[in-house]
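Here are some notes to read alongside the structure. Please keep the sequence and the 3D view open, and look up each residue as it is named.

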Amino acid sequence: MNHTPRIRTVVSCTLLVVPLVAGATACGEPEGHPLSLKPHDAAGLVSFNGPPKGEQADPDKPLEVKVKDDDAKITDVTAVDAEGRHLAGELDADGKRWHATTSLAAGTRYTVKVSTENGDGAPGSRTYAFGTAAAKKFLKVTFGPQAGTYGVGQPLTAELSAPVTDRAARATVERGLQVRSTPAVTGSWHWVDAKTLHYRPKEYWPADASIDVSSNLKGIRVTNALHGGAVKPLKLRTGDRIEAITDASDHSMTVLRNGDVINTLPVTTGKPGFDTRNGVKVVLAKEQFVRMRGESIGIAAGSSESYDLPVYWATRVTWSGEYVHAAPWSTGSQGNANVSHGCTGMSNADAEWFFETVREGDIVKVVGSEGEMMTPFDNGFGDWNLSWDAWLKGSALHGSGTPATNTDILTARLRPQV
């Protein structure tokens, strides 16, 4: 075997630094190359259609930058407003023209930086600053629920001050209403009506998650008459994953915390003609005492089904009056028969335990009932009874596609496209 060491010749940028230091920059452009020069003032090379100094720009006037010298070209343009939002734009293939692809925001200031090259390849730079006229009418947004800690089934809501019906305008609204959670989830807004949006993840929120809801709509044109207004952000947290699953056919409720069964309770649900709704509901409120009257659900006073009862430990799951509550008058039927007018009844002790265990946003699911399915939006939060595909069809952004996770910033329209 030959053990004679092999000699290799190695040539690298590092080895050439010393002999070349007097004549050129190592492994880079030679001194004096146009690209190594400090950018010159490109004011003489470009024209800008912004407002005269001291005047405000019309937010609806398209922004444009052009070269005035046939041998020069634009290499980059960035336009950023006072909120830190980038204005989307396009640069022509020949570098002769850049134009914004969306309207300016109203009532803010912009800084526009233009980079150029002249006919010799030397770099140039020019910065413009200007303000935009204030909007006359604003679209206001109110987020819900109130700040606090909720169950993992709690949807987010956004109430608009004016109706938005155009699909493109709705997409603008959705892009501006940002939801970020830790851990991250895949979720989407859904238009309930022209003034109301709900947001939910594909699955329930993770337990012990933090959720931040904010708006990037300030000054953004939504419709010809409306620009986005300032919006108060919202911070929420989720607690443990509490799920109460009522089997109406078995007359029992199983309560789970983070996937583990913590209690099984005998219950009674709606009798024939008053069957409890199937499906997923979300705890809306907790009322230690409520007076229940048959007239509130359309039962005539004095009829055989009429009732007027003091009720304790009442956990509300629909706005029409469906509760999980104490029903000491039906303890003989609990675990054996369904005798209520639609609510889920249990003993005083069990109802108090349930009342103290759950919070707003927790999940109450009913299976095995002869009743109808809980509706999505008109009687509380039935949002989870829509499949994910059906939920996405209510979005102007994702109606025919798949949304990104909330770690992706949905601001493509605000980024420069060059």
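1. How many bridges join strand β4 to strand β7? Residues 64-67 form β4 and residues 97-100 form β7, and three bridges join these two strands, which run antiparallel. Within this pairing, the bridge partner that K66 finds in β7 is R97. Please bear in mind from the start that this is a predicted model.

2. Strand β7 has a further partner to look at, since three bridges also join it to β6, the strand of residues 89-91, and these two run antiparallel as well. To find your way along the pair, start from G89, which stands opposite A100 in β7. The hairpin made by β6 and β7 has five residues between its strands, and in this hairpin G95 takes a positive phi near 75°.

3. The side chains deserve a second look here, for K66 and R97 belong, together with E64 and D92, to a network linked by salt bridges. The residues K66 and R97 are thus bridge partners in the strand pairing and also members of this salt-bridge network. By the rule used, the count of salt bridges comes to 13.

4. Is the salt bridge between R85 and D81 made by residues that are buried or exposed? Their side chains meet with N and O 2.8 Å apart. R85 has a relative accessible area of 6% and is buried, because buried means under 20%; D81, with a relative accessible area of 6%, is buried too.

5. Another salt bridge joins R277 and E322, whose closest N and O atoms are 3.0 Å apart. This pair links distant parts of the chain, 45 residues apart: R277 lies in the loop between β22 (260-266) and β23 (279-282), whereas E322 lies in the loop between β25 (308-316) and β26 (323-326). The two ends have different surroundings, for R277 counts as partly exposed at 28% relative accessibility, while E322 counts as buried at 4%.

6. R316 and E287 offer a further case, their side chains meeting in a salt bridge of 3.2 Å from N to O. R316 lies in strand β25 and E287 in strand β24 (residues 285-293), so this pair ties together parts of the chain that are 29 residues apart in sequence. At 15% relative accessibility R316 counts as buried, whereas E287 is partly exposed, with a relative accessible area of 22%.

7. Where does G229 lie? This glycine is found in the loop between β18 (227-228) and β19 (234-238), and with a relative accessible area of 8% it is buried. When residues up to four places away in sequence are not counted, G229 touches F138, L139 and K218. The C-alpha atom of G229 is separated by 9.3 Å from that of N216, a residue 13 places away along the chain.

8. A last point concerns confidence, which should be checked before any part of the model is read in detail. The chain averages a pLDDT of 87, and 85% of the residues score at least 70. Over residues 1-29, however, the pLDDT is below 50, and this stretch has six contacts in the model beyond near neighbours in sequence. Residues 404-418 also stay under 50 in pLDDT, and for them the model has 47 contacts beyond four places in sequence.

Note on methods. Residues are numbered from 1 along each chain as its sequence is written. This is a predicted model: local features need pLDDT of at least 70, side-chain atom pairs count only at pLDDT 80 or more; totals for chains, interfaces and linings use all residues. Side-chain values use heavy atoms; hydrogens and water are left out. Helices (H or I, at least four residues) and strands (E, at least two) are DSSP runs, numbered from the N terminus. Buried means under 20% relative accessible area, exposed over 50%, partly exposed in between (1.4 Å probe, protein chains only). Contact means heavy atoms within 4.5 Å. A salt bridge is a side-chain nitrogen of Lys or Arg within 4 Å of a carboxyl oxygen of Asp or Glu. Two strands pair if DSSP finds at least two bridges between them. pLDDT is the predictor's confidence in each residue, from 0 to 100.
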